[in-house]
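Visitor: Please take a close look at one part of this model, the nonpolar core. Which residues have the most contacts inside it, and which elements supply it?

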Amino acid sequence: MSIPIKKPKEIEKMREACRLAGKVLEYTASLVKPGVTTGEIDKAAAAHMAELGCKSAFLGYRGFPGNICISVNDEVVHGIPGSRKVQYGDVVALDVGVIKDGWYGDNALTVAVGMLEHNVQQLLNVTQNALMMGIAAAREGNRVGDISASIEEEVVANGFSVVRDLVGHGVGKTLHEDPQIPNFGRRGTKERLKAGMTLAIEPMVNMGTASVKTLADRWTVVTADSKPSAHFEHTILITKGEPEILTWREKTL
């Protein structure tokens with residue numbers, strides 16, 4: 001396995017692509033309100049990308065028909081935007097990837113639509129905390145397994161389940177690079193982390209069973225027990241010190 005190490009000029013390109021990905025995600029999150037359709041959010045995301053001078057990393061990727069992925073309630077990831085209307089009490093996962101000057105930025109968050117039941121809000125909080133714990137473990141000299149274990153420990157300690165069929169990944173000149181980054185694992189295992197690696201860390205956490213299935217549209221992944229799921233993601237840079245969050249967003253982490 002050859003994990004790309006980015007040079008300083010390439011890192012600057014990644015910073016810009018990820019900055020724009022974060023801006024698009026922050027903007028689309030602000031549109032999630034009762035009554036709006038997922039298709040309307042998707043259309044607005046595409047328009048904002050055009051304004052910022054970037055384009056969707058997902059549109060047409062292996063045939064995906066949307067500009068972003070919008071997954072509601074029991075939909076884990078890869079939800080296709082369309083006529084579905086957002087309702088009060090929904091949880092809406094937004095996954096935004098962009099391309100700028102041939103480089104990719106990738107990030108995601110899950111939005112609460114109004115007040116949620118306590119255990120659903122806790123699901124979102126724990127998933128976001130797990131992401132930050134995974135990032136904290138992403139230091140030069142550590143291993144991919146340290147990221148994975150940090151995420152899994154936070155999730156399991158709070159009574160939720162890590163999706164095992166889907167993983168994080170390297171990102172750079174292509175949307176998916178080596179290494180794969182599972183959200184479960186053992187410390188001290190898998191590939192060693194080196195400065196210059198850029199990684200998309202993305203815990204996907206279910207309220208109930210870890211099992212998932214893919215719908216007939218061949219894209220939308222849902223929980224096997226129809227209970228809610230949450231998804232948070234940042235693209236980060238491994239440095240000589242603290243990891244740098246390239247998709248940092250002031251309003252929504």
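**The nonpolar core**

Guide: In this predicted model, the largest nonpolar core consists of 51 residues, and L94, L199 and I201 are those with the most contacts inside it. At least two residues of this core come from each of the helices α1 (8-30), α2 (38-52), α3 (118-136) and α4 (144-157). The strands β2 (69-72), β4 (91-100), β5 (103-112) and β9 (198-201) likewise each supply at least two. The element that gives the most to this core is α3, with 7 residues.

L94 serves as a point of entry. Leaving aside residues up to four places away in sequence, L94 touches L25, T28, A29, V32, I41, I68, C69, I70, N107, A108, L109 and V111. Apart from the largest core lies another one, of 17 residues, including M14, A57, I99 and A200.

Some strand pairings complete the account. An open sheet of 3 strands is ordered β3-β12-β11, and its pairing is antiparallel. Its edge strands, β3 (75-77) and β11 (212-214), each pair on one side only. From one strand to the next, the twist averages 40 degrees. Between β11 and β12 (residues 221-223) there are 3 bridges, in the antiparallel sense, and V212 stands opposite T223 of β12.

Strands β7 (residues 168-170) and β8 (residues 177-181) also run antiparallel, joined by 3 bridges. They form a hairpin with 6 residues between them, and H169 has Q180 in β8 as its bridge partner.

Terms used: Residues are numbered from 1 along each chain as its sequence is written. This is a predicted model: local features need pLDDT of at least 70, side-chain atom pairs count only at pLDDT 80 or more; totals for chains, interfaces and linings use all residues. Side-chain values use heavy atoms; hydrogens and water are left out. A nonpolar core is a set of buried Ala, Val, Leu, Ile, Met, Phe, Trp, Tyr and Cys residues joined through side-chain atoms within 4.5 Å. Buried means under 20% relative accessible area, exposed over 50%, partly exposed in between (1.4 Å probe, protein chains only). Helices (H or I, at least four residues) and strands (E, at least two) are DSSP runs, numbered from the N terminus. Contact means heavy atoms within 4.5 Å. Two strands pair if DSSP finds at least two bridges between them. Axes are lines fitted to C-alpha atoms, for helices over the stretch in contact, and angles run from 0 to 180 degrees between N-to-C directions.
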